[in-house]
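Open your viewer, set the cartoon representation, and keep the selection box handy. We will go from one stop to the next, picking residues as we go.

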Amino acid sequence: FKNLDYEAGEAVRYWPLGRDGCVVVDPARSFGKPIDDLSGTPTFALYQMARGGEGIEDIADWYGVDVDAVIRAIQYESILHSA
């Protein structure tokens, strides 16, 4: 429950990597798809670019996000796709 945000007694936001992970699932943003909290960039897009062989720094530059955001997106999506 510590990775959830509540409003009016209801869970409204989920932080799958914890609050410091900056990946959020929020139905009010990007139709509830996992995104980088700061930029709103879908984690899947960043992950797919990395899987396609692009460098982390290049991806960060193209999407206008921090390198750490790309790393967190890869981390999160890798967990999802390894199951």
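Start by selecting Thr43, Phe44, Leu46, Tyr47 and Ala50 in α1, and show their side chains. Then add Ala69, Val70, Ala73, Ile74, Tyr76, Glu77, Ser78 and His81 in α3, the residues that the α1 set meets. Colour this contact by class and you will find nine nonpolar residues, three polar and one charged. Bear in mind throughout that this is a predicted model.

Now switch the side chains off and look at the two helices themselves. Helix α3 spans residues 67-82, and its axis comes within 8 Å of the axis of α1. At what angle do the axes of α1 and α3 cross? They cross at roughly 90°, and that makes α1 roughly perpendicular to α3.

Next, bring in the remaining helix. Select residues 56-63 for helix α2, and keep residues 43-51, helix α1, on display. The axes of α1 and α2 come within 10 Å and cross at roughly 140°. The two helices are therefore oblique to each other. Turn the view until one lies over the other, and you can check the hand: α1 passes α2 in a right-handed crossing. On the α1 side, pick Ala45, Leu46, Met49 and Ala50; on the α2 side, pick Ile59, Trp62 and Tyr63. How do the residues of this contact divide by class? Seven are nonpolar, with no polar and no charged residues.

Stay on Trp62 for a moment, since its place is in helix α2. Set aside its neighbours within four places in sequence, and Trp62 is in contact with Met49 and Glu54. Try a distance label from Trp62 to Leu46 as well: C-alpha to C-alpha it reads 9.9 Å, while the two are 16 residues apart in sequence.

The third helix pair is α2 with α3. Their axes come within 8 Å and cross at roughly 110°, which makes α2 roughly perpendicular to α3. Here too you can check the hand, as α2 passes α3 in a right-handed crossing. Select Ile56, Glu57, Ile59 and Ala60 of α2 together with Val67, Val70, Ile71 and Ile74 of α3 to display the contact. By class, this contact has seven nonpolar residues, no polar ones and one charged.

Leave the helices and move to the strands. Select residues 4-7 for strand β1 and residues 10-14 for strand β2. These strands run antiparallel and are joined by four bridges. Show Asp5, and look across to Arg13 in β2, which stands opposite. Then go to Glu7, whose bridge partner in β2 is Glu10. Which residue of the β1 and β2 hairpin takes a positive phi? Click on Ala8, where phi is near 55°; the hairpin has two residues between its strands.

Finally, zoom out and colour the whole protein chain by secondary structure. You should count three helices and four strands. Followed from the N terminus, the elements run β-β-β-β-α-α-α. The radius of gyration is 13 Å, close to the 12 Å that the globule rule gives for 83 residues, so the chain is as compact as a globular protein of that length. If you draw a box along the principal axes, the C-alpha atoms fill roughly 45 × 30 × 20 Å.

Technical notes: Residues numbered from 1 in each chain as written. Predicted model: local features only at pLDDT ≥ 70, side-chain atom pairs only at ≥ 80, totals over all residues. Heavy atoms only, no water. Axes fitted to C-alpha atoms, helices over the stretch in contact; angles between N-to-C directions. Parallel < 35°, antiparallel > 145°, perpendicular 65-115°, else oblique. Left-handed = near helix turned anticlockwise from the far one by under 90°. Contact = heavy atoms within 4.5 Å. Nonpolar A, V, L, I, M, F, W, Y, C, P; charged D, E, K, R; others polar. Pairing = 2+ DSSP bridges. Rg over C-alpha atoms; globule rule 2.2 N^0.38 Å.
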